[in-house]
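This report describes the fold of one protein chain, beginning with a single helix and moving on to the packing around it. The sequence and the structure come next.

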Amino acid sequence: ALGSLCAYALARLRFRARATVLGLILAVTMFPQVSVVPPLFLLLRRLGLIDTFAGLILTYVAFALPLAVWLLSGFFGNLPAELEEAARVDGAGRLRLLREVVLPLAWPGLASTAILTFVFCWNEFLFALAFTLGPERQTVPVAIALFRGQYQVPWGEILAAAVVATAPVALMVLLFQRRIVDGLTAGAVKG
C-alpha cells in the first residue's frame, strides 16, 4: 500500500527532485545487506527492537519498499494519462483517482510486485539471523539453517522443512498466476 502511493506520486507528479528521488531509491537497493547490518543492529538495539517482530518488519519494509516503488512506478508510468484526466474532469481527487481508476488498471503490476516483495522478504536470511536471538522469532530460512542433529546433519528433516517452507510461495504464485503473467507482459506487443 505504501509502495503504491509512493510509486504513483513518482510516476505522475512532476517536481524538481523526481529523478534524484528515483536515483536514491535505486541506490538503496544497490547496498549489500551485509554492509548495513552493524548500523541497523545498533539502531534497533537503541530502540529496543532486537529480537522483536517489529524490528524485523521495519528492516524488511526498509529494504522491500524501494523494490516495490521502483517496479510500481514503471507500471503507473505506462498507464494512459487520459483516463486520469477524464476522472479529474469528472471531479475525482487524487486519492479517489488512485483508488478507483489507477489501482484497478495496475492490478497485474500490483500482483507481480506483491509476489516479488513477498518472496524477497520470505527468503531473507541475513537480517533475520542478525536481529533475532532465539527460536521464538526466527524466520523459516534461519530455522532451517540452524537445524542440527546431535551427531549428524538431518538432511531428510531439512529437506522436508524446505519443501514446507516453499509451500506458501508456491500457493501464492498458483493463486495469482494469471495476474503475474499479465503483469510481466504488460506493455508487450501482442500478436
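In this predicted model, helix α7 covers residues 107-122, and its 16 residues reach 22 Å from the first C-alpha to the last, close to the 22 Å expected at 1.5 Å a residue. The buried residues of α7 are Pro-108, Gly-109, Leu-110, Ala-111, Ser-112, Thr-113, Ile-115 and Thr-117.

The protein as a whole has eleven helices and zero strands, and its C-alpha atoms fill a box of roughly 70 × 45 × 25 Å along the principal axes. Buried residues account for 32% of the 191 residues, while the accessible surface comes to about 12100 Å², with 69% of that area belonging to carbon and sulfur atoms. Of the contacts between residues at least 6 apart in sequence, 72% join residues at least 24 apart.

Confidence averages a pLDDT of 85 over the protein, and 93% of the residues score at least 70. The elements with the lowest and the highest mean pLDDT are set out below.

| Helix | Residues | Mean pLDDT |
|---|---|---|
| α11 (lowest) | 177-184 | 66 |
| α3 (highest) | 33-47 | 93 |

Turning to the interior, the largest nonpolar core holds 18 residues, of which Tyr-8, Leu-72, Phe-76 and Val-102 touch the most other members. Helices α1 (2-12), α2 (18-30), α4 and α6 (94-105) each supply at least two residues of this core. A second, separate core has 13 residues, including Ile-50, Phe-127, Ala-128 and Val-142.

Beyond residues up to four places away in sequence, Phe-76 touches Ser-4, Ala-7, Tyr-8, Ala-11, Arg-12, Val-102, Leu-103 and Ala-106. Its partner Ser-4 lies in helix α1 and counts as buried because its relative accessible area is 9%, under the 20% cut-off. With the same sequence neighbours set aside, Ser-4 touches Leu-72, Phe-76, Leu-103 and Leu-110, and the last of these, Leu-110, is also among the buried residues of α7.

Phe-63 is found in helix α4, which spans residues 53-77, and it counts as buried because its relative accessibility is 13%. Leaving aside neighbours within four places in sequence, Phe-63 is in contact with Val-28, Phe-31, Gln-33, Val-36, Leu-40, Phe-120 and Phe-127; of these, Phe-127 is included in the second core. The C-alpha atoms of Phe-63 and Leu-10, which are 53 residues apart along the chain, are separated by 18 Å.

Conventions: Residues are numbered from 1 along each chain as its sequence is written. This is a predicted model: local features need pLDDT of at least 70, side-chain atom pairs count only at pLDDT 80 or more; totals for chains, interfaces and linings use all residues. Side-chain values use heavy atoms; hydrogens and water are left out. Helices (H or I, at least four residues) and strands (E, at least two) are DSSP runs, numbered from the N terminus. The expected span of a helix is 1.5 Å times one less than its number of residues. Buried means under 20% relative accessible area, exposed over 50%, partly exposed in between (1.4 Å probe, protein chains only). Contact means heavy atoms within 4.5 Å. pLDDT is the predictor's confidence in each residue, from 0 to 100. A nonpolar core is a set of buried Ala, Val, Leu, Ile, Met, Phe, Trp, Tyr and Cys residues joined through side-chain atoms within 4.5 Å. Accessible areas come from the Shrake-Rupley method with a 1.4 Å probe; for residues, only the protein chains shown count as cover.
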